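Colleague: Could you take a close look at the charged side chains for me, and then work outwards to whatever lies around them? I'd like one connected story rather than a list.

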Amino acid sequence: MFAHITFIATFILGGFGLKALFTEIKQNDYKKVLYVFGGGALFLLIILFTKGSYEYIGPNEAGRYNQQTLEIIKNIRIEFLTTDTIRVLILVGLSGLTALGYLFRKIRKELAVAAILILVGIEIFAITGRQVTHINLVEEEQLEQNAFQETEITQVLKSRDDNMRALAISKEFQSNYYAYFYPTINGYSAIKLQLIQDIIDHNLFNYPSQGKINWNVINMLNGKYIISSNPLNYPFLNKLAEAPKRKEILYENRSVLSKAWFVKETKSFDTPENLVVFMNDPSFKPDSLALLLNSDFDGERFSAKGKVEVEKYTPNEIVLKVNTTEEQFLVLSEVYYPEGWQAVTSEDKELEILKTNHILRGMEIPAGNYSITLTFEPQTYYTSMTVVWVGEYSYININRSTLFN
């Protein structure tokens, strides 16, 4: 993320620099141009003259390779540094000469702009071309072969309905490898919600038992498929496949809960910390108990009789078919997000979505035979779209008036 931000910021600053060069700097300001390009050239020359003083080898690499391999890696990196620095030095020199030529009226403005853009384009395409040569992100099949090689486990996952989730209890926990083939509980995202991280840090592997695995939480998160580096001996796990090369085993969890279910009781807590701690208690049974935060539904009891099925499931819309003769409390195994999600019955009754079990969604629903539609319609999105449309409409009309006047 820092690399991307630096890259974008450099382009923005470069744009301001070009604007200043062609609109604000005059001929008598040529010393400023000399300072900028001369300083850049001096910095690059210092890098070239001191390239032998850098380490080039990270602490983790020193223990992974022998001395001969480390020497080869070091020489390759020295060569990259040298060639790249010389290329940029030439780019800075040519750009500086172009800028001075423009200031002293030796080069027309249009020609100077074109020359600088060509030089920048050559640099960008040179770097991008080298990256594409080593990491081909265009060819999907080649990318799959390199990064997402199929195994006996992924073949089984791809053949199953994707309305449940898999969990990798192995070195792949922080990896998105299995998420490429099937929805997962684990993985990595730079924009992960804090409540998801809470469950990972405090619940998944903090159960008061020998294995430390909290199967109650895994069950409520639809963890139907478990991938493990070691054999798991639980009566509710059924071995489905094994990937010898990756040294991993795939199990089917027969105790997993469905996508949506009714509970018999609700329990409210005054703080999220107390709620999360209670989820590690053996008395917590997510199939019959829903945990809420500062809710008026504390201690409410329900029959849990009836049926609920998922009729439609997309990222922005979920449709549930409900059939019950009494009021119930429904738990949906989807991550709770307060902004933008709405739940409305087929009888146009809006339901309140409650944060349940710290990470899931819950609703008190009326008796009857009807459907519930959950849609994601964040107001900020529609407000932004309105502003964009108004801006585009105003811009077009202003330009049209200017053209005809």
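Which side chain meets Arg 108 in a salt bridge, and what is the N to O distance?

Modeller: Before anything else, keep in mind that this is a predicted model. The partner you're after is Glu 110, and the distance is 3.5 Å from N to O. Both ends of that pair are out in the open: Arg 108 has a relative accessible area of 58%, which makes it exposed, and Glu 110 counts as exposed too, at 55%. The general idea behind such pairs is simple: side chains of opposite charge can pair when their charged atoms come close.

That pair has company, since a search of the whole structure turns up 13 salt bridges. Take Asp 84 and Arg 87, where the closest N and O atoms are 3.1 Å apart. These two residues sit in helix α4, which covers residues 67–103, and because they are three residues apart there, about one helical turn separates them. The setting isn't like the one you asked about: Asp 84 is buried, with a relative accessibility of 18%, while Arg 87 is partly exposed at 27%.

Another one worth a look is the bridge between Glu 172 and Arg 246, with N and O 2.5 Å apart. Glu 172 is in the loop between β1 (165–169) and α8 (194–202), and Arg 246 is in the loop between β3 (237–243) and β4 (248–253), so this contact ties together parts that are 74 residues apart in sequence. The Glu 172 end is buried, at a relative accessible area of 11%. Some bridges also share partners, and in that way Asp 84, Arg 87 and Glu 123 are joined into one network.

Then there are charges grouped by like sign. Asp 296, Asp 298, Glu 300, Glu 327 and Glu 352 make up a negative patch on the surface. Residues in a salt bridge are left out of patches by definition, so none of these five is in one. One of them, Glu 300, is in the loop between β7 (289–293) and β8, and this residue is partly exposed at 32% relative accessibility. The cut-off for joining a patch is over 30%, so Glu 300 passes it.

Following that loop into β8 brings you to a sheet. The sheet is open and has five strands, in the order β8-β9-β15-β11-β12, with antiparallel pairing. At its edges are β8 (307–314) and β12 (350–351), each of which pairs on one side only. Going across from β8, you find seven bridges to the antiparallel strand β9, residues 317–324. One place to see this pairing is Lys 312, whose bridge partner in β9 is Val 319. Next, β9 pairs with β15 (residues 368–376) over eight bridges, again in the antiparallel sense, and there Thr 324 stands opposite Gly 368. On to β11, residues 341–345: five bridges join this strand to β15, and the two run antiparallel. Ala 343 has Leu 374 in β15 as its bridge partner.

To get a feel for scale, go back to helix α4, where you'll also find Asn 75. Asn 75 is partly exposed, at 42% relative accessibility, and its C-alpha atom is 71 Å from that of Phe 302, which is 227 residues away along the chain. For comparison, the C-alpha atoms of Glu 55 and Ile 78 are separated by 10.0 Å, with their positions 23 residues apart along the chain. Glu 55 is in the loop between α2 (30–49) and α3 (59–62) and is exposed, with a relative accessible area of 64%.

That loop also holds a backbone oddity. Most residues other than glycine have a negative phi. Tyr 56, though not a glycine, has a positive phi of about 70 degrees. Tyr 56 belongs to the loop between α2 and α3 and counts as buried, at 15% relative accessibility. Lys 212 also has a positive phi of about 70 degrees without being a glycine. Look for Lys 212 in the loop between α8 and α9 (215–220), where this residue is partly exposed, at 46%.

Technical notes: Residues numbered from 1 in each chain as written. Predicted model: local features only at pLDDT ≥ 70, side-chain atom pairs only at ≥ 80, totals over all residues. Heavy atoms only, no water. Salt bridge = Lys/Arg side-chain N within 4 Å of Asp/Glu carboxyl O. Helix = DSSP H or I, 4+ residues; strand = E, 2+ residues; numbered from the N terminus. Buried < 20%, exposed > 50% of the residue type's maximum accessible area, 1.4 Å probe, protein only. Pairing = 2+ DSSP bridges. Patch = residues over 30% accessible without salt bridge, like charges linked within 9 Å, V, L, I, M, F, W, Y side chains within 5 Å. Areas by Shrake-Rupley, 256 points an atom, 1.4 Å probe, with all protein chains shown as cover. Lys, Arg positive; Asp, Glu negative; His and termini not counted. Charge placed at Lys NZ, Arg CZ, Asp CG, Glu CD.
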